[in-house]
Amino acid sequence: MGNDGGSIPTRRELVKEAAKDPNSTQVKETQTEKLQYYWSHCSLSQTALTPPIVSDSTGNLYNKDAVLEDLLNTSKDTQDGNVARHDRTSGTIKSLRDVVEVRFSIDKEEEDSNTRSSEVRIICPVTGKRLGPGVKAVYLVPCGHAFAETAVREMPGEQCLECNEHYSPNNIIPILPVSSTDKDRLRDRLSKLQSEGLTHSLKKTPGSSKKRKQARPNKEAEADADKIDETAGPSLPTKET
């Protein structure tokens, strides 16, 4: 070894080389692998996705039965006083009102030729493109129909092409979003819905009607007090002695 004009790297150099940040290609490959996994696996149970499939306000995909089981377990633990239960959905799913069933279109030819659900080909009903890591996909709230994002952008008006139900642009939900822009928009959307007493599915938040009823008497009392002040007129100045 040595005497060949080369040099032997030191331990410090090897550690420094290993600690280097991954390049853009490596990041993209890791991202693609992650998307491939979550396009075929439930984000909650890590089992294969099988209909009915639901999605929360962040665009993640779940098996509906896994969500139901988790909600039941959470309810039981709360009743038993076990408040330290780990929330595996990061607080996005507290009831079934927080999810929407995603209505995917299945390639009929693939469905006829394959019997295993893992081999079923999900497609956009407009473009025919296979939905997955290679195609940015979205679904509409409240109907839940899924499309390639490009197809939704080209839709005339704001009605679902599958069921004709109306939707607003803010209720176009990207599936498994990657960009920070999409993630920030979904967070802002949910915050706005919560301020209006609504959930991700656009259904009322449990107990929101009670809060409104309680707030109404308080507002009426404040209004009555303002009226009394107005009818009383300005206060008279006190006489100096």
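Helices here are DSSP runs of H or I with at least four residues, counted from the N terminus. Everything below comes from a predicted model, shown as a handful of close-ups.

**View 1. Gly197, just past the end of H6.** Right after helix H6, Gly197 takes up a positive phi, at about 75°. The helix that comes before it is the subject of the next view.

**View 2. Helix H6 and its two faces.** H6 runs through residues 180-195, and its 16 residues should span 22 Å at 1.5 Å a residue; the end C-alpha atoms sit 23 Å apart, so the two values agree. Tucked away on this helix are Asp182, Leu186, Arg189, Leu190 and Leu193, which are buried. Look down the axis and these buried residues stay within an arc of 95°, so they line one face of H6. Strand S8 (172-174) is part of what covers them. Turned away from that buried side is a face carrying the exposed residues Ser180, Thr181, Arg187, Asp188 and Ser195.

**View 3. A little open sheet, S2-S1-S3.** Three strands line up in the order S2-S1-S3, paired antiparallel, and the sheet is open. Strands S2 (61-63) and S3 (100-101) take the edges with a single partner strand each, so one side of each has no neighbour in the sheet. Between S1 and S3, the antiparallel pairing rests on two bridges.

**View 4. Val54, in strand S1.** Val54 belongs to S1, which covers residues 53-55. Its relative accessibility is 2%, and because buried means under 20%, Val54 counts as buried. Across in S3, the residue standing opposite Val54 is Glu101. Val102 is 48 residues away from Val54 along the chain, yet their C-alpha atoms are separated by 5.3 Å. Setting aside neighbours within four places in sequence, the contacts of Val54 are with Asn60, Leu61, Tyr62, Lys64, Val67, Val99, Val100, Glu101 and Val102.

**View 5. The largest nonpolar core.** This core takes in 39 residues, and Trp39, Leu61, Phe104, Leu131 and Ile175 have the most contacts inside it. At least two residues apiece come from S1, S2, helix H3 (64-79), strand S6 (137-140), strand S7 (146-148), helix H5 (149-153) and S8. S6 gives the largest share, with four residues.

**View 6. Two cis peptide bonds, each leading into a proline.** Pro51 and Pro52 are joined by a cis peptide bond, with omega about 0°. Pro52 lies in the loop that links helix H2 (24-38) to S1. The bond from Val141 to Pro142 is cis as well, with omega near 20°. For Pro142, the setting is the loop between S6 and S7.

**View 7. Positive phi at Ser90 and Asn164.** Ser90 is not a glycine, but its phi is positive all the same, at about 55°. Find Ser90 in the loop between H3 and S3; with 68% relative accessibility, it counts as exposed. Asn164 is another non-glycine with a positive phi, about 65° in this case. The loop between H5 and S8 is where Asn164 sits, and at 54% relative accessibility Asn164 counts as exposed.

Conventions:
Residues are numbered from 1 along each chain as its sequence is written. This is a predicted model: local features need pLDDT of at least 70, side-chain atom pairs count only at pLDDT 80 or more; totals for chains, interfaces and linings use all residues. Side-chain values use heavy atoms; hydrogens and water are left out. Buried means under 20% relative accessible area, exposed over 50%, partly exposed in between (1.4 Å probe, protein chains only). Contact means heavy atoms within 4.5 Å. The expected span of a helix is 1.5 Å times one less than its number of residues. The arc is that of the directions from the helix axis to the C-beta atoms. Two strands pair if DSSP finds at least two bridges between them. A nonpolar core is a set of buried Ala, Val, Leu, Ile, Met, Phe, Trp, Tyr and Cys residues joined through side-chain atoms within 4.5 Å.
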